[in-house]
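Let us walk through this structure from one residue outward. Keep the sequence and the 3D view side by side.

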Amino acid sequence: MADEELEAIRRQRMSELQAKQGDASNNQQQGEEAKQRETDMRNTILAQVLDQSARARLNNLALVKPDKANAVENYLIQMARFGKLGGKISESGLIEILEKVCQQTEKKMTVTFNRRKVMDSDDEDDD
């Protein structure tokens, strides 16, 4: 009798775990579908905004510096949504936008020297 009850509890617990696992896989699948829809939407907007040579240059940039390419894509999509673009952007126009984005995100490095003020033994060697 105890074995049958134990087996029933095991079956119930197993079905609960499988249900939870199914929910997790559904959530993951929905997340992947949402990401896919977002990338498709981005690609269609960029295809409408950029001509073929500019699109090729942006793809080349994405291979080398994906963060800068993403920033430029976001900038272009934002401009397209607000209607600030007048037609398709050529390669030279994309280069100008790249320069703007690079200037905005440029990191300025400064080097400072901290000289230690310690008694120097070189003064004693002059004798």
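G93 sits in helix α4; helices here are DSSP runs of H or I with at least four residues, strands are E runs of at least two, and both are numbered from the N terminus. The model is a predicted one, in which local features need pLDDT of at least 70, side-chain atom pairs count only at pLDDT 80 or more, and totals for chains, interfaces and linings use all residues. Residues are numbered from 1 along each chain as its sequence is written, and side-chain values use heavy atoms, with hydrogens and water left out.

G93 counts as buried, at 17% relative accessibility. Buried means under 20% relative accessible area, exposed means over 50%, and partly exposed lies in between, with a 1.4 Å probe and protein chains only. Along the chain, G93 is 43 residues from L50. In space, their C-alpha atoms are separated by 9.4 Å.

Now step back to the whole chain. It has 4 helices and 0 strands. The order along the sequence is α-α-α-α. Of its 127 residues, 17% count as buried. Take the contacts (heavy atoms within 4.5 Å) with a separation of 6 or more. Residues 24 or more positions apart account for 69% of them.

Which residues have the most contacts inside the largest nonpolar core? They are L50, L58, V72, L76, I89 and L94, in a core of 16 residues. A nonpolar core is a set of buried Ala, Val, Leu, Ile, Met, Phe, Trp, Tyr and Cys residues joined through side-chain atoms within 4.5 Å. Two or more residues of this core come from each of α1 (2–49), α2 (52–64), α3 (66–81) and α4 (91–105). L94 shows how the core is joined up. Neighbours within four places in sequence aside, L94 contacts L50, A54, R57, L58, V72, L76 and I89.

Look next at how α2 meets α3. Their axes come within 6 Å and cross at roughly 140°. Axes are lines fitted to C-alpha atoms, for helices over the stretch in contact, and angles run from 0 to 180 degrees between N-to-C directions. The crossing makes α2 oblique to α3. On this scale, under 35 degrees is roughly parallel, over 145 roughly antiparallel, 65 to 115 roughly perpendicular, and the rest oblique. From α2, the contact uses L58, L61, A62 and V64. From α3, it uses P66, K68, A69, V72 and E73.

E73 also takes part in a charged pair. The whole structure holds 3 salt bridges, each a side-chain nitrogen of Lys or Arg within 4 Å of a carboxyl oxygen of Asp or Glu. One of them joins R42 to E73, with the closest N and O atoms 3.0 Å apart. R42 lies in α1 and E73 in α3, so the pair ties together parts 31 residues apart in sequence. R42 and E73 are both buried.

Another bridge links E91 and R57, with 2.7 Å between the closest N and O atoms. E91 belongs to α4 and R57 to α2, so this pair ties together parts 34 residues apart in sequence. E91 is partly exposed at 26% relative accessibility. R57 is partly exposed too, at 34%.

R13 and E16 also meet in a salt bridge, at 3.5 Å from N to O. This one stays inside α1: the two residues are 3 apart, about one helical turn. R13 is partly exposed, with a relative accessible area of 43%. E16 is partly exposed as well, at 36%.

What is the nearest side chain of opposite charge to R55? It is E73, 4.6 Å away. Lys and Arg count as positive, Asp and Glu as negative, and His and the chain ends are not counted. R55 is buried yet has no salt bridge. This arginine lies in α2. Not counting residues up to four places away in sequence, R55 touches N43, L46 and L50.

End at the loop between α1 and α2, where D51 is found. D51 is partly exposed, at 25% relative accessibility. D51 and K88 are 37 residues apart in sequence, but 5.8 Å apart in space, C-alpha to C-alpha. Beyond four places in sequence, D51 touches K88, I89, S90 and E91. Two of these names have appeared before: I89 in the core, and E91 in the bridge to R57.
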